[in-house]
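Please open the structure in a viewer and keep the selection tool at hand. The tour below proceeds one selection at a time.

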Amino acid sequence: MAAEPRLRLVTHDQPASADELLERVSRGDLTAYDSLYGLLSPAVYGVARRVVRDPARAEEVAQEVFLDVWRQATRFDRSRGTARTWVLTMAHRRAVDAVRSSESSRARETRVGLMETETVDGPESAVIEADERRSVQRCLQALTPIQLESVQLAYFQGYTYAEVASLLDRPLPTIKTRMRDGLIRLRDCLEAGNES
Amino acid sequence: MSPDIHTLSGAYVLDAIEPAERVAFQAHLAECESCREEVDALRTAAVEIAPPMTPPAALRAKVLAAAERTAQLPPVVTRLEPELPQRRRFSRLLVAAAAVVAFAGGGAFVADQLRDDAPTTITAAQVFASADARVVSKALDGGQVRVAVSRQLDRIAVDGADMPAPPPDHAYQLWLVEDGQATSLSVMEGDATSAVDEIPDAGILAVTVEPSGGSDQPTTEPIFSLDPADV
């Protein structure tokens with residue numbers, strides 16, 4: 001039986017983490033950049049598609065996000081969180097900006113209509129890393145209905161808390177608080193799941 | 001700053017706030033460590049909300065090609081910190097200020113002044129050169145912005161001469177942000193690379209990149225923000 005080639009790069013055996021890759025990207029390493037794309041592009045594109053919806057526009061948003069990652073890799077502050085969180089934070093911000101700038105009020109109404117039929121489940125083409133997604137889903141279900149609705153309307157529709165308050169017919173401070181409490185609960189649940 | 005600003009962390013992490021309020025909250029974050037920690041913690045949860053999806057195969061080549069032809073930003077070396085009142089630096093400033101005043105003919109140097117009632121006789125150069133002026137500078141991508149506060153003159157001046165050129169058809173706009181409301185102070189465009197205003201009673205100064213001519217409200221992230229009270 002032919003032996004495995006001995007001279008394989010060690011790094012290929014153990015995939016580099018997003019944080020390691022981003023550090024190499026900050027020094028202009030395009031190979032690391034390509035690997036980082038491989039690692040994070042489904043998550044980035046997932047955010048873009050869910051918020052922007054139009055596939056062509058979502059692709060543009062994802063491309064803008066990765067160009068931001070390339071340009072700003074030198075500015076990444078590891079004391080504020082992981083590379084993955086940094087990249088996905090930029091992805092959501094970009095996606096929301098794209099929706100808000102391009103959107104007519106009519107398009108917005110249409111999206112509200114669409115939302116009625118939506119669940120937390122992704123589109124059929126979603127690549128779901130089963131375990132991880134299951135725990136996110138389970139944790140989302142642990143939110144109170146108004147927490148969940150506030151968080152999802154903001155995250156997926158790109159609405160401001162004022163717009164969510166108006167849509168749900170609740171006072172502004174209530175919605176602000178529900179968004180915060182919902183995220184705290186989601187984080188606590190995800191963290192507990194990771195530890196167990 | 002309104003007392004309930006802390007509860008904005010959730011809306012902020014979900015990008016569910018108006019640009020002006022975003023600017024105000026970011027300014028608040030700069031001085032509230034526990035708020036930063038909370039925002040960082042909530043982000044780890046928020047980024048997991050959307051399910052991943054396989055992107056179109058063609059995207060990978062586009063992304064790589066774009067990176068190949070794009071320069072990366074230089075790392076940030078300095079952070080916002082007061083300049084030491086060094087004698088040498090001060091006299092150099094005076095020379096620069098005198099040169100600028102001579103070149104621009106005094107009052108003409110003042111950027112467009114949006115407050116009609118504000119006297120136009122004090123120039124940015126005069127504020128920087130004032131004996132009691134406190135000056136801070138902040139490094140930006142490929143340049144810096146400097147701010148001088150003179151309580152004697154009751155003026156705050158922003159010097160954008162060393163700021164990187166804004167993108168084509170864009171300009172820097174200076175805002176006063178207070179209680180989530182942004183008021184435009186000045187559009188720093190063309191030859192008007194500085195701005196002068198009275199020292200505000202409260203609020204945060206912020207600079208954003210806006211389309212030429214300026215915007216009614218900030219439409220981008222501030223590249224710089226500063227509480228004049230900290231200067």
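Two residues are in contact if their C-beta atoms, placed from the backbone, lie within 7 Å. The model is a predicted one, and the tour begins where its chains A and B meet.

**First stop: the side of chain B that touches chain A**

Select chain B together with chain A: 43 residues of chain B are in contact with 59 residues of chain A. On the chain B side, the elements that give two or more residues are helix 1 (9–13), helix 3 (33–46) and helix 4 (58–68) of chain B. Of these, select helix 4 of chain B, which gives the most, with eight residues. Colouring this side of chain B by residue type shows 27 nonpolar, seven polar and nine charged residues.

**Second stop: chain B as a whole**

Now display chain B alone. Its elements are six helices and nine strands. Of the 231 residues in chain B, 41% are buried. Among contacts in chain B between residues at least 6 apart in sequence, 60% join residues at least 24 apart.

**Third stop: strand 8 of chain B and its partners**

Select residues 204–211 of chain B, which form strand 8. Is this strand mostly covered or mostly uncovered? Strand 8 of chain B is mostly covered, with six of its eight residues buried.

Add residues 170–178 of chain B, which are strand 5; this strand pairs with strand 8 of chain B in the antiparallel sense over eight bridges. To see one bridge, pick B:Leu176 and its partner in strand 8 of chain B, B:Leu205. Then add strand 9 (residues 224–226) of chain B, which also pairs with strand 8 in the antiparallel sense, over three bridges. Here B:Ala206 has B:Ser225 of strand 9 as its bridge partner.

**Fourth stop: helix 3 of chain A**

Turn to chain A and select residues 30–52, which form helix 3. The end C-alpha atoms of this 23-residue helix are only 28 Å apart, whereas a straight helix would reach 33 Å at 1.5 Å a residue. Where does helix 3 of chain A bend? The bend, of about 55°, is at A:Leu40, and the proline A:Pro42 follows within four residues. Just after the helix comes A:Arg53, with a positive phi near 75°.

**Last stop: the largest nonpolar core**

Finally, select A:Val44, A:Ala48, A:Ala95 and A:Ala154, the residues with the most contacts inside the largest nonpolar core, which has 108 residues. Helix 3 of chain A gives the most to this core, with 12 residues. Centre the view on A:Ala48: leaving aside neighbours within four places in sequence, its contacts are A:Ala58, A:Val61, A:Ala62, A:Ala91 and A:Ala95.

Methods:
Residues are numbered from 1 along each chain as its sequence is written. Chains are lettered from A and ligands numbered from 1 in the order in which they are written. This is a predicted model: local features need pLDDT of at least 70, side-chain atom pairs count only at pLDDT 80 or more; totals for chains, interfaces and linings use all residues. Ala, Val, Leu, Ile, Met, Phe, Trp, Tyr, Cys and Pro count as nonpolar, Asp, Glu, Lys and Arg as charged, and the others, Gly among them, as polar. A residue is buried if 20 or more other C-beta atoms lie within 10 Å of its own, exposed if 12 or fewer, and partly exposed in between; C-beta atoms are placed from the backbone. Two strands pair if DSSP finds at least two bridges between them. The expected span of a helix is 1.5 Å times one less than its number of residues. The bend at a residue is the angle between axes fitted to the seven residues ending there and the seven starting there. A nonpolar core is a set of buried Ala, Val, Leu, Ile, Met, Phe, Trp, Tyr and Cys residues joined through C-beta atoms within 7 Å.
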